[in-house]
Amino acid sequence: MRRTTLAAVCLAAAATVGLTACGTESAGSGGSGSARGSSDAGKKKAEPFPGLSGPEIVDKAVKATTDASSLTVQGKVPDEGGTIGLDMAFDTKGQCAGSMAMGGEGSLDLITTASTVYMKYDEKFLRAQGKGEPAAETDAAVDMLADKWVKTSATGADTEEIAEFCDLDVLLADFKDVDSAARRGKTTTVDGTPALTLTERDGKDRHTLYVATEGKPYLLKIVNESAGTPEFLSFGDFDKPVDATPPKGDVMDIDKLAG
């Protein structure tokens, strides 16, 4: 079955943050990477990607994006419990850094180096995870962990999925297996970067892709415009180093606590 570009990215992220489906956001709506119409509409410009069809442009964008040594991902994607917000940087060395807002159930910060995973949870997240557990146990977890950095080995069995999520090559592996039926659209800008819009449909879902028309043809943003929960993913900071500096101050070593 044909896998759209947006579906491929959602499936890649699902391994760690539990995404189950894709919702909506109208083009140019909130969040980082919003698209705007070009202010030079009255000036005739050379057609971007001359002679290339929509699917051929998508192929070029997928290759450029997956060939990047690092990038950032920002956006909102739906989960069973609501909407998950992502603001993460990844590289092909297995490093990542950023935060995830878990759809009304708190948030967590994450930094992963080649050897260590650092995490920080807020109280709301811990209480959401403790639903169904004795109140005393949840309170104890909040007292010990809320808003404090903890660390564990990146090679431990419990962190395998996180380590894979933070490896850009693994994260975007399914992204390369795209059979697009995108159609060319108008030119616009995404955060000041000239871009071409492309649209593709998958059943009732209508996806809009924004591809850079200057420099490498990176995929800048994907939006699902069908009815439902707002959704978009924006990509940027291609090939820029990921700041995976370990947190300063006291960091609880949960491997030592576990014995």
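Which residue's side chain meets that of Arg127 in a salt bridge? The legends below describe close-up views of a predicted model, and the first of them takes up this pair.

**View 1. A salt bridge within helix H3 joins the side chains of Arg127 and Glu123.** The partner of Arg127 is Glu123, and the N to O distance between the two side chains is 2.9 Å. Because Arg127 and Glu123 stand four residues apart in helix H3, about one helical turn separates them. In an α-helix, with its 3.6 residues a turn, residues three or four places apart point the same way. Both side chains belong to residues that count as partly exposed, Arg127 at 34% relative accessibility and Glu123 at 38%. Salt bridges with shared partners also bring in Asp139, so that Glu123, Arg127 and Asp139 form one network.

**View 2. Glu47 and Arg184 form a salt bridge between distant parts of the chain.** This is one of seven salt bridges that a search of the whole structure finds, and the N to O distance here is 3.7 Å. Glu47 sits in the loop between strand E1 (35–37) and helix H2 (54–66), whereas Arg184 belongs to strand E8 (residues 183–190), and the two are 137 residues apart. Arg184 has a relative accessible area of 29% and is partly exposed.

**View 3. Glu105 and Lys131 connect two loops through a salt bridge.** Their side chains meet at 3.3 Å, N to O. Glu105 lies in the loop between strand E4 (96–102) and strand E5 (107–112), while Lys131 lies in the loop between helix H3 (123–129) and helix H4 (135–145), and 26 residues separate the two. Glu105 counts as partly exposed at 29% relative accessibility, whereas Lys131, with a relative accessible area of 59%, is exposed.

**View 4. Helix H2 contributes to the largest nonpolar core.** This core has 54 residues, and those with the most contacts inside it are Phe90, Leu110, Phe165, Leu219, Leu220 and Phe235. Five residues come from H2, which is the largest share of this core. Apart from it lies another core, of seven residues, including Ala97, Ile111, Tyr118 and Trp149. Helix H2 itself has 13 residues and reaches 18 Å from its first C-alpha to its last, close to the 18 Å expected at 1.5 Å a residue. Among the buried residues of H2 are Gly54, Ile57, Val58, Ala61, Val62 and Ala64, together with Thr65 and Thr66.

**View 5. Asp167 occupies the loop between helix H5 (160–165) and helix H6 (168–171).** A polar atom of the Asp167 side chain lies 3.0 Å from the backbone nitrogen of Asp169. When neighbours within four places in sequence are left aside, Asp167 is in contact with Asp91, Thr92 and Gly94.

**View 6. Asp205 in strand E10 (residues 205–212) is shown with its surroundings.** Asp205 is partly exposed, with a relative accessible area of 24%. Although their positions lie 20 residues apart in the numbering, counted from one to the other, Asp205 and Glu225 are 6.8 Å apart in space, C-alpha to C-alpha. Not counting residues up to four places away in sequence, Asp205 touches Glu200, Asn224 and Ser226.

Conventions. Residues are numbered from 1 along each chain as its sequence is written. This is a predicted model: local features need pLDDT of at least 70, side-chain atom pairs count only at pLDDT 80 or more; totals for chains, interfaces and linings use all residues. Side-chain values use heavy atoms; hydrogens and water are left out. A salt bridge is a side-chain nitrogen of Lys or Arg within 4 Å of a carboxyl oxygen of Asp or Glu. Buried means under 20% relative accessible area, exposed over 50%, partly exposed in between (1.4 Å probe, protein chains only). A nonpolar core is a set of buried Ala, Val, Leu, Ile, Met, Phe, Trp, Tyr and Cys residues joined through side-chain atoms within 4.5 Å. A polar contact is a pair of N or O atoms within 3.5 Å; within protein, one must be able to donate a hydrogen and the other to accept it, and residues adjacent in sequence count only if both atoms are side-chain atoms. Contact means heavy atoms within 4.5 Å. The expected span of a helix is 1.5 Å times one less than its number of residues.
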